[in-house]
Amino acid sequence: MNPTSFVAAAILLAGLVRGQGSVEYWHPPTKGDVRGPCPMLNSLANHGFLPHSGKGIKLNDTVHALEAALNINQDIATSLFGFAATTNPEPNATEFSLENLGRHNVLEHDASLSRADFDVTGDSVSFNRAAYDETRKYWTSDSITVKQAAVARLARYNTSQTTNPKYTMSPLGDRFSAGESAAYLFILGDISTATAPRKFVEYLFLNERLPTAVGWKKSSHVFTPTDLVTAIDLIYNATGASAEDLQKMRARSRRGEVHGG
Ligand code: HEM
Ligand code: MG
């Protein structure tokens with residue numbers, strides 16, 4: 001073997017051994033693997049940053065995955081792990097599975113961006129085209145703004161309230177919902193402009209894969225709890241101010257003026 005092919009073989013072998021836990025490694029779930037309602041955690045399992053099985057996820061797996069893949073600091077990861085562990089039906093659990101996350105009204109809530117309501121379809125875990133299409137109607141520019149994200153979230157609330165007789169939203173569910181809109185905007189986007197390229201966000205939701213193929217890179221900014229609080233406040237404030245805008249956007253949507261294709 002010549003030196004060049006030796007190096008190539010060594011790199012390939014290292015990749016196979018390391019295998020999981022990189023943006024290059026990506027495999028969809030296979031038999032026995034579980035996934036849940038979070039497009040990002042599903043993606044991280046597909047990349048092997050989290051166990052590919054989606055099962056037995058521990059605190060150190062969570063801290064490692066969020067830091068290595070997304071530059072999210074360990075305080076956020078630890079806090080989110082604490083919430084995730086409450087979805088495991090075992091008392092005092094020290095691990096969770098992506099499937100556990102789908103337990104309705106623990107963390108999983110109605111009015112999701114890309115999933116149906118549990119009491120409407122019986123499935124609030126799988127990607128749902130109609131729910132997602134409603135959300136993306138409000139992403140009207142190449143760069144999604146806080147206002148667009150906030151209005152999309154409110155529109156999904158409105159649809160759930162008017163179509164789901166068993167609609168519920170706890171204060172925790174509502175905070176998670178705002179956090180999720182903040183997360184796609186700020187983790188995939190640019191924290192300094194509070195915008196995210198629509199193509200990154202769409203790629204994540206549709207493929208459950210980090211959007212490197214369309215130009216995304218892990219942020220060099222370390223995300224702290226302060227960033228998260230700021231981001232959630234931006235979503236809340238934009239929504240609070242936008243009841244009238246929502247009316248206008250609905251009217252525009254009905255007239256077919258809103259991006260939908
Ligand atoms: C949705 C948990 C990290 C983005 C969800 C849901 C859960 C969850 C339970 C379902 C809520 C629902 O829509 O009913 C977690 C946990 C995390 C985590 C435990 C960390 C340990 C992240 C990160 C991002 C993210 C880092 C960054 C982009 C989202 C988005 C949704 C979501 C955008 C909304 C999906 C939709 O509404 O269709 N997450 N998540 N999550 N998560 Fe995560
Ligand atoms: Mg949901």
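# Ligand 1, its pocket and a small inner cavity

Ligand 1 is surrounded by 22 residues, the closest being Cys38, His109, Ser112, Leu113 and Ser114. The model is predicted. Ligand 1 carries an iron atom, and Cys38 is its only protein donor. The ligand sits in the largest pocket. The count of cavities of 30 Å³ or more comes to one.

**Iron site**

- Cys38 reaches the iron atom of ligand 1 through SG, at 2.3 Å.
- No other protein donor of this iron atom is found.
- Cys38 belongs to the loop that runs between helix H1 (3-18) and helix H2 (39-46).
- Cys38 is also among the closest residues around ligand 1.

**Polar contacts of ligand 1**

- The side chain of Glu108 places an N or O atom 3.1 Å from an oxygen atom of ligand 1.
- The side chain of Ser114 has an N or O atom 2.6 Å from an oxygen atom of the ligand.
- Leu113 makes its contact through the backbone: an N or O atom there lies 2.6 Å from an oxygen atom of ligand 1.

**Shell around ligand 1**

- Four elements give two or more residues each to the shell: H2, helix H3 (59-70), helix H4 (74-85) and helix H8 (171-188).
- By class, the shell holds 15 nonpolar, four polar and three charged residues.

**Largest pocket**

- The pocket that holds ligand 1 encloses about 1200 Å³ of space.
- Its lining counts 48 residues.
- Leu80, Phe176, Gly179, Glu180 and Ala183 lie nearest the centre of the pocket.
- H8 provides the largest share of this lining, with 11 residues.
- At least two lining residues come from each of H2, H3, H4, H8, helix H9 (198-207) and helix H10 (225-240).
- The pocket lining divides into 34 nonpolar, eight polar and six charged residues.

**Largest cavity**

- The largest cavity contains about 40 Å³ of space.
- Its lining consists of His109, Ala111, Ser112, Leu113, Arg153, Ser177, Glu180 and Ser181.
- H8 gives the largest share here too, with three residues.
- By class, the cavity lining has two nonpolar, four polar and two charged residues.

**Residues that recur**

- His109, Ser112 and Leu113 line the largest cavity and are among the residues closest to ligand 1.
- Leu113 also supplies the backbone contact at 2.6 Å to an oxygen atom of the ligand.
- Glu180 lines the largest cavity and is one of the residues nearest the centre of the largest pocket.
- H8 contributes two or more residues to the ligand shell, and it gives the largest share of the lining in both the pocket and the cavity.

Methods. Residues are numbered from 1 along each chain as its sequence is written. Chains are lettered from A and ligands numbered from 1 in the order in which they are written. This is a predicted model: local features need pLDDT of at least 70, side-chain atom pairs count only at pLDDT 80 or more; totals for chains, interfaces and linings use all residues. Side-chain values use heavy atoms; hydrogens and water are left out. Donors are N, O and S atoms within 2.8 Å of the metal (3.2 Å for Na, K and Ca); water is not among the atoms, so sites may look incomplete. A residue is near a molecule or strand if one of its heavy atoms lies within 4 Å of it. A polar contact is a pair of N or O atoms within 3.5 Å; within protein, one must be able to donate a hydrogen and the other to accept it, and residues adjacent in sequence count only if both atoms are side-chain atoms. On a 1 Å grid over the protein atoms alone, a cavity is a set of points where a 1.4 Å probe fits but cannot get out, and a pocket is an open set with protein on both sides within 12 Å along at least five of seven lines; lining residues have an atom within 4 Å of a point. A molecule sits in a cavity or pocket if more than half of its atoms lie within 2 Å of its grid points. Ala, Val, Leu, Ile, Met, Phe, Trp, Tyr, Cys and Pro count as nonpolar, Asp, Glu, Lys and Arg as charged, and the others, Gly among them, as polar. Grid points are joined across faces, edges and corners, and a volume is the space filled by probe spheres set on the points.
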